[in-house]
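Trainee: I would like to learn how to read the features of a model like this one. Can we take them in turn?

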Amino acid sequence: MDFKHRYTLAEWIMDYAISSGADEVAVDLVRAEELDIEFCDNKIDKLEQGIQNLLYLEIYQNNRYSVHKSNLLDKHHLRNFIHGALNSTRYLEKDLFRTLPDNKLYPKQDTYDLQLYDDSFNNLKDTDKIMLASDIEKASLSLSDKIISSTSSYSEGCFHLIKMQSNGFKGEKHSTSYTIGAEVTASDKSNNLCEDSYYAHTRFFNDLPASEKVGKEAADRCLRKIGQDKIRSGIYTTVVENSEASNLLGMILSAMKGSSLFLRSSFLEGKKGKRIASEKLTILDDPYLSKGLRTNYFDSEGCATQKRMMIDKGILNEYYIDTYYAKKLKMKPTNGERTNILLNYGNSSCNELLAKTKKGIFITEFIGGNFNSTTGDFSFGIAGFLFEKGEIVKPVNEMNITGNALTLWNNLIEVGNDPFSYSSVQTPTLVFKDVFFSGD
Amino acid sequence: MKNYFDFFGITESIAEKIIAEALSRGGDYCDLFFQYRSTKNLHLEDNSVNSSFHSTDFGVGIRVINKEQTGFSFTEEITFDSMRKAARTASAIAGSAKKYKKFRFVPETETVPNYYPILKTWDSVNIKEKMPVLNNINNAVFSLDPRIIQCNISFTDTESKILILNSEGKAVTDYRPLFSLKVKVTAEEKNSRESNVATRSGRYGFEFLNKNVIRDISQEAVRKTVDLFDAVKPDGGEMQIVLAPGSSGILLHEAIGHGLEADFNRKKTSLFYNKLGEKVAEPFVSIVDDGTWKNARGSLNIDDEGNKTEKTFLVKDGILVNYLHDRISSQHYGVLPTGNGRRQSFRYTPTPRMRNTYMLSGPHTPKEIIKSVKKGIYTETFSNGQVLIGAGDFTFYVKTGYLIEDGELTKPVKDINIIGNGPEVLKDVVMVGDDLILDEGTWTCGKESQGVPVSHGLPTVKVSRITVGGI
C-alpha cells in the first residue's frame, strides 16, 4: 500500500469510527520496513526481512477510553474491528479526564527538514550491506588470536507514521535508521571467556562509522576485559563511560513522568524548583536535534514539542506531563515523553577525567540491577577497570554499586566533553564521588 | 487441522507451492509459521477500570535453512502473492542449483498432548465479566491496610492459534491461552513511601480467577509493600545466601539456563561449551527445563518449530547432561530436538529458549538450611536478572528478603542486586531443600530482542558465597 492509499485509509478509519458512534478518535498508521543481516564465521548466519503495517486506534466515547491495534487493514475486517472496539468500550467506567488534547496544543506546521529520512535508503545494494557486516567481522578477528567469535550485524529500517486526530490534527513522520556493530568473545590461556560489543546507530547511512573502526572497537572492548576479577568492597570515586552513563540518567528521567507522579511512585514528587543533583548537571530536552534518534515536531498525543531545560544546574525545572495526567494532577501539560537528551558538556575528555580523578573505578558496563522509582534506591551490577594515577590497573567485574539516586547525582563532580552520539540520551563521561561498590 | 487451514485461509496445495518457491534456490529446509494472536488488557487506576487495550495480530513467517544459515521473511497478508514474495526473500540465503524434493503434508498420527487444559476460553469472556476481578482486588487491597495510597492493576489475556507446516511434510497446530495479572501497590507511612508488585500468570482459562486467587494476590501485594517500611540495606560484599522456594529460580535461568542454550555453544561463545558430561554441582543438584508442567506460563504442547516439548534434564545428579536445542543446533550436535525452538511471533526466527526451568527437590529441610547460616541474606522476591553468556557473570535483583542472623530470619531487606558467576555459584550450592515451588509470576525472557513467556522454580537453596549489593 503506497503513501496515498494509507493516508486515505487513515481518513476513512477516522470518519468510519466517528460515524459509528465514537465522540473522538486518534488514528496512527505505522509502516515499518526492516532488514537485519547477521554475519558469523565468514558467512551470513541470518538474513531477515519484512514489512509491517499497524493500526493504533484510540476511541473516546461518552468519557470512556480504549486503544485497539490491528495489522489487518482491509476494510471488511476494519469495519468489524471498529464496531468491536466501540462495543467493548461501552463497558468501561467513565473517566472525565479522557479527551483528545486541546487542539491549540497541536503544531502549526512543520517549518524545516529535521533530517530524519535518508533518500539513499532504497538505492543501497544488498551486496554492499553484506560486505559491511563481513568487513566488521574481519576487523574484529584481525585484532588478536584470542578472539574466538565475532558476530557482526547490519540493520536498517524505514518507518512511516501517519497520525490523525478527529479534533483537527493531521501529521506524518518519515524516518530511516541504520545500525552496525559486533559482539565479540575472547578466551584467555585458561579458557576463561569474556565478551563485549559495540554498536553505532544513525539516521543516515553515510553517517555510519567505518566498518573497520566498529569491528576493532568491539574487539578492543572485549580484549581489555581479559583477566577481570572482583576487588574489595568499598567507597570509590567512579568514572562512568559515556555510552553507559545513560543508565544512571534513566533513573531521573523515568521518575519525571506524570504517571509516576500521579501514582505516587516517583522519588521526584514535590521536587520541582528544588535541587536534585549537583550544579554540574544540566539537562536539555531537544526535540528538534537534526538527525536525532527521537527528533519530532509532535509527541505521541499529537501536541507540538518544545525545547525544554529539564534540569538547570542541578535544579529540577520540569516534569514530563501529558495532557491526561496534567488534568489529573492539575498541572500544566509539557510533553508526556522525553525526546533527545543533551547535557551541558564540560571541557575534558574521558582520558583527561581519568587522569584528573587519579584513583577509582572506571565503569564500562552495567549488568542487570534495578532501581526503586518510589524511593530512588538502586543497585546495579557493573564491570570496568580499577585505575590508579590516572592509568588502568586491572579489569574488574562481578561487583555491584548500591545507593540512592539523589545522593548519587548530588555527588556528580565532573562532566566530560564527549557525548555519546549513537543514542537519544547523549551522555558524556561522568564522574561521581563516594559510590559504594560491593565485591569481595 | 482442517479448521486451522480454513482459519488462515490456505490450502495444502498453496502451502506446497510456497514452500517450493522458498526452496527454489536450493535451501535444505523450509517452514511456514502461521499465527493469529488476540491480546486484551484491562487497566484499573485511581479506583476505576477506565481503560482497555486490544490487539489483533495475524501473519506467517517463512524460514529457509541452508546448512546452518537462515533466510527469513514474513507477511501480514496471507495471500498467495504476498507469501510467494516473502518466500523468494527467504530463499535468497541459498544459492545453489540443488533440486527441490517434492513432498506431501502428513498430519501428526500421534496425539499432541494438551498441557494447558482450560474450561473457559478468553474469547468467550467479555470486559463486563472481567471488571469485577479488578474491582475486587482493588477493594481488598485498600481494606487490608490503611497505609495504602495507590493501587494499580493490569489484567491481560492472550490466545494464539498456530499452524506450522514444513518441507518434511509436518503439519501441526496449537492453541495457546495465556493470562497475567499485575497488582502494584503504593503505601505511605509518616514521610516515607514504598511500592511493590505481585503478579500471577499461566496458561489458564478464566476459571482460574477464583476467590482464593483474588485474596492471595491482594494480600501478597500489600504485605510485600508495607514490609518495606522496616527494610534495611545489608552490608555489601560476599556472603552466604538462602534462596526462598519459588521465584528464586531466576538464579537458574540466569546462572545456567541461558548458557546451555545450544546456539551459544554451537558458536563457542558460552562458558558451558564442551562441558557436557562434566561435574558442575553437588550430586543432590538436578536441574530441568520442562515444557510439560500443567498450565505453567512457559509450557508448550509443541515448540515454534512444531516439535513436541519434554522435560529436559540440564544437570542430573550434579553432572551437566544436555543443551537446549532448536532445529539448527540439534542437527549440528546430531541429537533429537528438545522442543526449545521458540519465537516471539511470526515476525521472528526461532532460537533455543527456556520454558519452565527449575531445580528438583533435594535432601534438606528449609528449617535446617536457614539454621545453618550465621550471617547472610534470605532472598524472597525478585524483579529482573541478566547474564553475560561467555564470562558467566549473572545478576538478579532482590526486591524483598530478610537478614539471617544466627540461623534466624530477622530484619527485612530491600532493593539489592546480587551478582555472581554461573559455574562458581552452581559449585557453591551446598544445600537443597525438599520444597520445590514453580513460580506463578509473570516472567518474560528476553534474547535477541525477542520476549517469550517463561517460568522458573526452586526449592529452598543455600549458596555458600555470592556478592550482595549493599552499603
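Mentor: Start with a sheet in chain A. Four strands form an open sheet in the order β10-β9-β8-β11 (chain A), and the pairing is antiparallel. Strands are DSSP runs of E with at least two residues, helices are runs of H or I with at least four, and both are numbered from the N terminus. Two strands pair if DSSP finds at least two bridges between them.

Trainee: Before we go on, what kind of model is this, and which pLDDT do local features need?

Mentor: The model is predicted: local features need pLDDT of at least 70, side-chain atom pairs count only at pLDDT 80 or more, and totals for chains, interfaces and linings use all residues. Residues are numbered from 1 along each chain as its sequence is written, while chains are lettered from A and ligands numbered from 1 in the order in which they are written.

Trainee: Back to the sheet. Which are the edge strands of the open sheet of 4 strands?

Mentor: In that sheet, β10 (315–316) and β11 (341–343) of chain A are the edge strands, each pairing on one side only. Strand β8 (residues 283–285) of chain A runs antiparallel to β11(A), with 3 bridges between them. Leu284(A) has Leu342(A) as its bridge partner in β11(A).

Trainee: How should I think about side chains along a strand?

Mentor: In a regular strand the side chains alternate between the two faces of the sheet. Keep that in mind for the hairpins of chain B.

Trainee: How many bridges join β5 to β6 in chain B?

Mentor: There are 17, between strand β5 (residues 148–166) and strand β6 (residues 170–189) of chain B, and the two run antiparallel. Thr158(B) has Leu178(B) as its bridge partner in β6(B). The hairpin has 3 residues between the strands, and there Gly169(B) takes a positive phi near 90°.

Trainee: Which residue takes a positive phi in the hairpin of β6(B) and β7(B)?

Mentor: Lys190(B) does, at near 50°, in a hairpin with 2 residues between the strands. β6(B) pairs in the antiparallel sense with strand β7 (residues 192–202) of chain B over 11 bridges. Lys184(B) has Val197(B) as its bridge partner in β7(B).

Trainee: Now helices. How is a packed pair described?

Mentor: Two packed helices are described by the angle between their axes and the distance between the axes. In chain B, helix α4 (residues 127–144) and helix α5 (residues 211–226) pack at an angle of about 45°, with axes 9 Å apart. Axes are lines fitted to C-alpha atoms, for helices over the stretch in contact, and angles run from 0 to 180 degrees between N-to-C directions.

Trainee: Why are α4(B) and α5(B) called oblique?

Mentor: Angles under 35 degrees count as roughly parallel, over 145 as roughly antiparallel, 65 to 115 as roughly perpendicular, and the rest as oblique. At about 45°, α4(B) and α5(B) are therefore oblique to each other. α4(B) passes α5(B) in a right-handed crossing; the near helix is turned clockwise from the far one by less than a right angle, whereas anticlockwise would be left-handed.

Trainee: Which residues of α4(B) meet α5(B)?

Mentor: Among them are Val133(B), Ile137(B) and Val141(B), and the residues met in α5(B) include Ile214(B), Ser218(B) and Val222(B). Residues are in contact if their C-beta atoms, placed from the backbone, lie within 7 Å. This helix contact divides into 9 nonpolar, 3 polar and 1 charged. Ala, Val, Leu, Ile, Met, Phe, Trp, Tyr, Cys and Pro count as nonpolar, Asp, Glu, Lys and Arg as charged, and the others, Gly among them, as polar.

Trainee: And between the chains, how many residues are in contact?

Mentor: 57 residues of chain A touch 66 residues of chain B. On the chain A side, strand β2 (residues 43–61) of chain A gives the largest share, 10 residues. That side divides into 17 nonpolar, 27 polar and 13 charged. Strands also pair across the chains: 5 bridges join strand β3 (residues 64–70) of chain A to strand β2 (residues 48–66) of chain B, in parallel. Ser66(A) has Ser52(B) as its bridge partner in β2(B).

Trainee: Last, domains. What is the domain assignment of chain A?

Mentor: Chain A has domain 1 (3–105), domain 2 (119–154 + 178–223) and domain 3 (228–440). Such bounds come from an automatic or database domain assignment. The centres of domain 1 and domain 2 of chain A, taken over C-alpha atoms, are separated by 36 Å. Their contact takes 7 residues from domain 1 of chain A and 9 residues from domain 2 of chain A.

Methods:
Two residues are in contact if their C-beta atoms, placed from the backbone, lie within 7 Å.
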